[in-house]
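Here's a quick briefing to read alongside the sequence and the fold. Take a look first, then we'll go through the overall build and one helix pair.

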Amino acid sequence: MRIFPTNFYQLLPRQITRSIIFHGKREYRNLFLTFDDGPHEICTPAILECLKELKIPASFFILGENAVRFPEIIKQIQMDGHIIGIHGYTHQSFFFLKSASIREQIEKTQNHIELFLGKKISFFRPPYGRFGWNTVRIVRQQGLKIVLWDILPGDYKLNRTISAIVDQVVMQIRGGSIIVFHDNLKNPDKLVKSLIQIHQQAVIEGYRFVSLEKLTND
Ligand SMILES: [Zn+2]
């Protein structure tokens, strides 16, 4: 779901990348769980139930158009203590969008969510992880930070098995890793089972799942 590898952005000048987060501090055994593309009427509640049972926080990078359709799920995400970030109003690459469209995509979603929840949004993740300098500039003006990831287990691929997802995450996790899943899958069962196994393994290895808010505080 991305065109450029994450390390493409690490080659950009520091002036551009300083507001982009790829992972938390490596010296702490903290993990950050994130979900893109929701809320979805079946998948998101299933994920929320799973997170509640595991007692772990997560962040949901939502699409504005889905938030408008499923306000009760947005409320539930907040009530359960998770973070809501912005993924765009619709799911399209920001890389070729004009500034006015980028601003509209972000502002429309941000205004809706902040008004609806009465809470400031802090984080933004561009669809496909693709964006240019204009996005960085506008995101900064809106008071947001860009959060990418360092682990993408491909849960959205139909033929990806639970063990392939779990094995990849367990193999790649390091202190501060940001893992991205997608809560718009028609069948959330694979995702729920993967999460349970990943959590089990991560805890054995001494990791803990923490809120994205820890990214800016630690
Ligand atoms: Zn996405």
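The chain's secondary structure adds up to 10 helices and 8 strands, where helices (H or I, at least four residues) and strands (E, at least two) are DSSP runs, numbered from the N terminus. Its radius of gyration is 16 Å, close to the 17 Å of the globule rule for 218 residues, so the chain is as compact as a globular protein of that length (taken over C-alpha atoms; the rule is 2.2 Å times the number of residues to the power 0.38). This is a predicted model: local features need pLDDT of at least 70, side-chain atom pairs count only at pLDDT 80 or more, and totals for chains, interfaces and linings use all residues. Residues are numbered from 1 along each chain as its sequence is written.

**Overall build**
- The C-alpha trace spans about 45 × 40 × 35 Å along its principal axes.
- Of the 218 residues, 41% are buried (20 or more other C-beta atoms within 10 Å of the residue's own, with C-beta atoms placed from the backbone).
- Among contacts with a separation of 6 or more, 80% join residues 24 or more positions apart (contact: C-beta atoms, placed from the backbone, within 7 Å).

**Helices H3 and H9**
- The axes of H3 (residues 43–54) and H9 (residues 189–204) come within 10 Å and cross at roughly 20 degrees (lines fitted to C-alpha atoms over the stretch in contact, with angles from 0 to 180 degrees between N-to-C directions).
- H3 and H9 are therefore roughly parallel (angles under 35 degrees).
- Ala46, Ile47, Cys50 and Leu54 of H3 meet Leu191, Val192, Leu195, Ile196 and His199 of H9.

Methods
A residue is buried if 20 or more other C-beta atoms lie within 10 Å of its own, exposed if 12 or fewer, and partly exposed in between; C-beta atoms are placed from the backbone. Two residues are in contact if their C-beta atoms, placed from the backbone, lie within 7 Å. Angles under 35 degrees count as roughly parallel, over 145 as roughly antiparallel, 65 to 115 as roughly perpendicular and the rest as oblique.
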